[in-house]
Amino acid sequence: MNQSVSFDDFLPTLLTPVESQAYQAIGQEQTLELAQKTCSALNSGQTLEEHVHDIAQQLVADGITEEQAQAIGGLSGKVIVAAVATLCPQHTTQLQQLELPLR
């Protein structure tokens, strides 16, 4: 990934229309916070799989609907991909462990 591309520029290029709506609803600040938490979790030794599981548990605890979960889940996966690609590329090899759809 070209380091001159920022997280805020890269993330929207990955999103489907439904995920874009979720991104707009959640906001840039919260998605950047998730991205930073992703890198912090990976830097502290948590695996990407464990981090994704934690996010999924939080979504369930928040009591969101299935439709919301699908949109937010897709968005969360792409936030993680964009975070690793732009903010903590030293963890790029962990992306290969997950099967995160990019489109």
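In what order do the elements of the protein run from the N terminus on? They run α-α-α-α-α-α. The model is a predicted one.

## Overall fold

The protein holds six helices and zero strands. Along the principal axes, its C-alpha atoms fill a box of roughly 35 × 25 × 25 Å.

How does the radius of gyration fit a compact globule? For 103 residues, such a globule would have a value near 13 Å. The protein has 13 Å, so the two agree.

## Burial, contacts and surface

Of the 103 residues, 39% are buried. Take the contacts between residues at least 6 apart in sequence: 73% of them join residues at least 24 apart.

The protein exposes about 6,200 Å². Carbon and sulfur atoms supply 51% of that area.

## The largest pocket

The largest pocket has a volume of about 530 Å³. It is lined by 21 residues. Closest to its centre are Leu-34, Ile-55, Leu-59, Ile-72 and Ser-76. Four elements each give two or more residues to the lining: α2 (17–26), α3 (28–43), α4 (48–61) and α5 (66–86).

Which element gives the most to this lining? That is α5, with six residues. By residue class, the lining divides into 11 nonpolar, six polar and four charged.

## His-51

His-51 sits in helix α4. Is His-51 buried or exposed? Its relative accessibility is 6%, and the cut-off for buried is under 20%, so His-51 counts as buried.

Which residues does His-51 touch, once its neighbours within four places in sequence are left aside? The contacts of His-51 are Leu-34, Lys-37, Thr-38, Ala-41, Gln-46 and Ile-80. One of them, Leu-34, is also among the residues closest to the centre of the largest pocket.

## Lys-37

Lys-37 is another contact of His-51. The place of Lys-37 is in helix α3. Its relative accessible area is 46%. Partly exposed covers the range between the 20% and 50% cut-offs, so Lys-37 falls in that class. His-51, its contact partner, is buried.

How far apart are Lys-37 and Gly-27 in sequence and in space? They are 10 residues apart in sequence. From C-alpha to C-alpha, the distance is 16 Å.

Key
Residues numbered from 1 in each chain as written. Predicted model: local features only at pLDDT ≥ 70, side-chain atom pairs only at ≥ 80, totals over all residues. Heavy atoms only, no water. 1 Å grid on protein atoms, 1.4 Å probe; cavity = no way out; pocket = protein on both sides within 12 Å on 5 of 7 lines; lining within 4 Å. Points joined across faces, edges and corners; volume = space filled by probe spheres on them. Nonpolar A, V, L, I, M, F, W, Y, C, P; charged D, E, K, R; others polar. Rg over C-alpha atoms; globule rule 2.2 N^0.38 Å. Buried < 20%, exposed > 50% of the residue type's maximum accessible area, 1.4 Å probe, protein only. Contact = heavy atoms within 4.5 Å. Areas by Shrake-Rupley, 256 points an atom, 1.4 Å probe, with all protein chains shown as cover.
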